[in-house]
Amino acid sequence: MTLFGRFWKRSRRDDSRVDEGGFYALYDSPGPVDPNEKAASTYRAAGSTDFSRWDAGLSQLDSSAALVPKDRGAYWKRAFWLGRRKRWWAVRIFAAVIALFIVLFAWLAITAPLSKSLEPIAAPQVTLLASDGTPIARSGAVVAEPVSVADLPAHVIEPFIAIEDRRFYSHWGVDPRGIARAAWTGRGGGSTITQQLAKFTWLTPERSLTRKAQEAMIAFWIEGWLTKDEILERYLSNAYFGDNQYGLRAASLHYFYRKPENLKPEQAAMLAGLLQAPSRYNPTKHYDRAKARMDLVVGAMVDVGYISQVEADALPAPKLDVRTSNDLPTGTYFADWALPLAREEIEQGYEKLVVETTLDAQLQSLANRVVGRAGLGEAQVGLVAMRPSGEVVAMVGGKSYAKSPFNRVTQARRQPGSTFKVFVYLAALEAGWDPEDTISNEPIEAGSYRPKNSRERYSKTITLEDAFASSSNVAAVRLFNEVGSERVIRTARSLGVGSELPQGDPSLALGSSSMTLLELTAAYAGVAANEYPVRPYAFPQEEESWWEWVFSSEDSTSGRVHEDMEQMLRAAINRGTGEAAELPIANFGKTGTTQNNRDALFVGYAGDLVVGVWVGNDDNSSLGGVTGGGLPARIWKDFMRGALDLPTPKPKESPDPQGPVEPFDIDIQQGEEIPLGDDGTSLRFEEDGLVLSQDGVPVELRLSEDGFELEETDQ
């Protein structure tokens, strides 16, 4: 209202002058007029214009407008950035670099915890003990306690500084001068001690520009968090010195049998020389190379000024003092399985570890002897023995660990054959079937899957107990279909089987799905204990508390079902396909033979032991006439007899040496078997006569009152 109101009022007051041809200057200020400018205002009021003042204002406006940046368009267009001055770019690029450095530093603080540099870069040595305290295996790197720079003499530290990083105490993690000097003279490393610590603590041995950039970044970060002495301590405590020795303390004790605090100058110089290539300069194998490298280290010390040339010339060649203390095997089948489990449970540290296991030294020795005298020929073998709780007490993963460390107990996945039938029959018993119930034992003529019985033996019907004892394939498949694959698979899963089990496949009843021997034996342990699933373990377990027992997820069958299952397992040994495994005490088990005799198994339990035995070829070829009721059953029996301290049957002494000879069925118990040689030939005593058999031969010679008879072997 100020401008237009003033225009309106003055227009009314000065109408006469306007009519005379004058005009009112709209650009005139509406503010109060300076008293000193009275003449000028009078002149303006009369209709005159101050053009000089107007021109001065316009000039000032033009100069101000020149200072306003020109419109370069949207920021995503090229013109917006090309018009920037160099100073503008320099400031912003510098700010971006600083921001990126801060972000990377924070990222390292989160993803690369500093505490990792305190841990040994190699798993420390672990010694495994049997349950009686006998050492059985020792594996892992020799990693001793960390060193302290404050406790080390100067002549121990100086060789490492001189040859590895002579400007260690003056740079910030990366030393460009050191890199240039190393490239020019060939002395000293291109990487600083801080970079080397970063490399073997956090990074891989990859050689690339990306890894070098990561190494430099981590080196800056380490320098920001640790003192120089702390960096040097962690470097010396983790560096590899060859011969499986990690850290200066382990190396000094190994090569010179001295603590690092007591090393002589020449000994320290030789150790410093090993770091560049521990295997190449290993003094126990290449002393001349180690001595030549030591001379290079001494020369670097002279260049830096740590010692004089006279002192360098006076240093003698150090004498090694290597004392061998590792007289245990570095690996066994059991140790290879147990060590990874031990490292999962043990906190990482520098000290050597001694861990007690569940292995029974006597049972392990017995297992080795039994396997050694079994007459396997070219076939391989696996044997595992455990308590019903899952405590593994013996393990043999092959004929010879030295020739083949592949563990056929824990690593080989093979078909279990008829040993899988225990899950089918247990599922049937839980569904309400009884051992005396009958099922058809006639050939299966319908459907795409038509299994056959061994020796083509069929009958119209057969009881479940007899079908299990004789390992009838057609009865097992029919029972599988009656019970349903879901129930059978659920039973196997509850007993701890984790391998793939295809639903709706009737061949599953005959063990067509592969699994490990350890897994299968643990399932039988669950049947023996009637508490499942059973998890095999290699280290003593803490006793379960009452609270843990209440909320335990373990399952079990009813007393009736468990008794019925054991009745059938005993029938399989006492009068079925597993007669060769019969013991003079209560014993339970099942044979298994896969298609074309590729795998032969026997799994069973007696006393407080559950044992699984597998025989087969690694290339999955046929074993010929070997079946589960033959060689595996005899290995099982041989081991059980010694493990349970069962007496070997001997002929009774006749009270009258001149009297008649007593018959064999009185001298030896029914079902007893006598090995006749290392080729697997054995003589078995049965109720109706004698049976002569040999591994690899698909027939048996039976001698009875009716004379000689040749029979095909059971599956």
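**Close-up views of a predicted model**

**View 1. Helix α12 passes helix α13 in a right-handed crossing.** In this predicted model, the two helices, α12 (residues 248-256) and α13 (residues 265-274), have axes that come within 11 Å and cross at roughly 120°. On the α12 side, the contact is made by Leu248, Ala251, Ser252, Tyr255 and Phe256, while α13 contributes Gln267, Met270, Leu271 and Leu274. Sorted by class, the residues in this contact of α12 with α13 are seven nonpolar and two polar, with no charged residues.

**View 2. Five strands form an open sheet with antiparallel pairing.** Reading across the sheet, the strands come in the order β7-β6-β12-β11-β10. The edge strands are β7 (392-396) and β10 (587-593), each of which pairs on one side only. From one strand to the next, the twist averages 5°. As a general reminder, strands of a sheet pair through backbone hydrogen bonds, and the pairing may be either parallel or antiparallel.

**View 3. Strands β6 and β12 run antiparallel and are joined by seven bridges.** Here β6 covers residues 380-386 and β12 covers residues 609-616. One pair that can be picked out by residue number is Met386 and its bridge partner in β12, Val610.

**View 4. Helix α17 lies across three strands, namely β6, β7 and β12.** This helix, which spans residues 361-372, runs at about 30° to β7. Of the strands it lies across, β7 is an edge strand of the sheet, whereas β6 and β12 are the two that seven bridges join.

Technical notes
Residues numbered from 1 in each chain as written. Predicted model: local features only at pLDDT ≥ 70, side-chain atom pairs only at ≥ 80, totals over all residues. Heavy atoms only, no water. Pairing = 2+ DSSP bridges. Helix = DSSP H or I, 4+ residues; strand = E, 2+ residues; numbered from the N terminus. Axes fitted to C-alpha atoms, helices over the stretch in contact; angles between N-to-C directions. Contact = heavy atoms within 4.5 Å. Left-handed = near helix turned anticlockwise from the far one by under 90°. Nonpolar A, V, L, I, M, F, W, Y, C, P; charged D, E, K, R; others polar.
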